[in-house]
Every structure is written in C-alpha cells, then in structure tokens.
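Please examine the sequence and the structure shown below. The report that follows describes selected strands and helices.

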Amino acid sequence: MNAQTESWTLQGPAGAIQAACDRPAGTAPGRGVAILSHPHPLFGGTMDNKVVQTLARAFVQSGWTAVRYNFRGVGQSAGSYDEGRGEVEDLLHVIAQMAPAGPLALAGFSFGAFVTSQALQRLLAQAVPREPERLVLVGTAVSRFEVIPVPAALHARTCVIHGEADDVVPLADVMDWARPQTLPVTVVPGVGHFFHGQLPVLKQLVMRHLLAPVA
C-alpha cells in the first residue's frame with residue numbers, strides 16, 4: 001500500500017499465509033489491530049484488491065494497525081480454495097498471530113465479509129469470548145454464502161455498506177438479511193459491487209464509523 005508496508009509470512013493450517021501490515025503514523029500507541037479479509041479467491045480476489053486497500057487506508061488513518069492477508073491458495077499463501085471452511089481457519093490463525101490480545105477490529109469485502117461473519121461467531125463462542133471493537137462488512141455476499149447475523153450487542157460497533165447498483169450481490173438480498181436483525185445498512189447510490197469511482201466515499205464512510213464514539 002505504501003513504502004512502509006510490512007510483509008509477513010504467517011503460519012496457518014494449510015501452511016504459509018502471506019500478509020501485509022500497515023501502521024498509523026507517529027509513535028503513539030494505536031487503537032488496536034484490524035484484520036481485513038478479501039473477496040472470492042476463485043474470481044481474482046486478493047489482499048491487494050482496491051476495496052480492501054481502501055479499507056486498510058481508512059483504518060490506518062483512524063489510528064488502527066491494518067493487516068491484510070491472502071487466503072489459502074492465493075498469492076504466496078499455501079493450500080487451495082476450501083469453500084469458506086478453511087478460509088475461516090485462515091482468518092482465525094491470522095488473528096491469533098497478529099492480534100493475540102488487545103482491541104480487535106474485523107473487516108471484510110464480499111466473500112471476505114462472509115468469512116468474517118463466520119470467524120466472529122467462533123470468536124464469540126470461545127470459552128473466553130472475544131468481541132471486536134469494530135466490525136465493517138462491505139458488499140456482503142449474503143446471496144452466495146451463509147453470512148451469520150450480527151449479535152444485537154455488536155450493532156453499534158458494526159458498519160454494513162452496500163452499493164445500490166451491486167450486480168454481484170443484489171441490495172435486496174442484503175436488506176433481506178439485515179431486516180430481521182434490524183441492522184442498519186448504509187447504501188451508496190448508483191454504485192456497483194467494486195465501488196468503481198466511489199472508493200473515496202467508501203473510505204469516508206468507514207472512517208466516520210471508526211471515529212464515532214460507541215455508547
């Protein structure tokens with residue numbers, strides 16, 4: 001993302017996991033660590049996806065350390081696509097190594113939002129539950145995968161963003177998923193799945209969420 005981006009090789013259940021880490025400027029302690037998950041591996045999704053990089057910039061400029069990583073079988077990550085099952089394990093292993101303690105944020109785009117929801121369920125079911133300080137779901141792939149509902153206690157910490165003209169995941173499907181939860185969805189008018197031409201708007205919306213106080 002920039003000259004200061006750190007390259008990491010982590011260990012996952014399928015072998016090496018390629019990761020990149022960006023830290024906020026200055027020497028003051030950051031707000032925590034955000035782990036960002038990318039779109040579908042079989043359709044060109046990587047940690048360098050423009051939406052994922054936009055999310056990383058939003059987190060870094062809001063004081064968070066942002067960690068992007070490649071799912072198994074993508075880039076230099078070992079293994080092969082596992083229909084979401086192994087990818088959830090990949091995310092949990094990244095969290096364990098890059099954010100073992102302290103404030104945690106989770107964010108995902110498309111398939112990555114689905115994986116994030118599954119991992120969140122696992123984190124909350126631990127003997128000592130771990131709740132993220134912030135949750136950001138963009139272009140959530142609810143029409144293609146089983147996206148777990150967000151617990152009501154985390155709604156104030158959650159930001160769901162979707163494009164009105166998304167032709168990969170129809171907005172109506174996201175609303176059908178969110179409606180039973182009474183979970184708010186921020187809709188960007190006229191925007192497709194990949195937020196072409198509107199990435200600055202996406203960044204502003206995410207930063208507004210990250211910088212807002214949570215009651």
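## A buried helix and a buried strand

In this predicted model, the buried residues of helix α3 are Phe111, Gly112, Ala113, Phe114, Val115, Thr116, Ser117, Gln118, Ala119, Leu120 and Leu123. Because 11 of the 14 residues of α3 are buried, the helix is largely enclosed by the rest of the structure. The elements that cover these buried residues include β3, α2 (85-98), β5 and β6 (134-138). Helix α3 itself spans residues 111-124 and reaches 20 Å from its first C-alpha to its last, close to the 20 Å expected at 1.5 Å a residue.

Strand β3, one of the elements covering α3, comprises residues 33-37. Since 5 of its 5 residues are buried, β3 is likewise largely enclosed by the rest of the structure. In a regular strand, side chains alternate between the two faces of the sheet. In β3, Val33, Ile35 and Ser37 point one way, while Ala34 and Leu36 point the other way.

Which strands are joined to β3 by bridges? The table lists two parallel partners of β3, together with the residue that stands opposite isoleucine 35 in each.

| Partner of β3 | Residues | Bridges to β3 | Direction | Opposite isoleucine 35 |
|---|---|---|---|---|
| β4 | 65-69 | 4 bridges | parallel | valine 67 |
| β5 | 104-109 | 5 bridges | parallel | leucine 106 |

Strands β3 and β4 also belong to a further arrangement: together with helix α1 (residues 50-61), they make a right-handed β-α-β unit.

Note on methods: Residues numbered from 1 in each chain as written. Predicted model: local features only at pLDDT ≥ 70, side-chain atom pairs only at ≥ 80, totals over all residues. Heavy atoms only, no water. Buried < 20%, exposed > 50% of the residue type's maximum accessible area, 1.4 Å probe, protein only. Pairing = 2+ DSSP bridges. Right-handed = clockwise from strand over helix to strand, strands pointing away. Expected span 1.5 Å × (residues − 1). Contact = heavy atoms within 4.5 Å.
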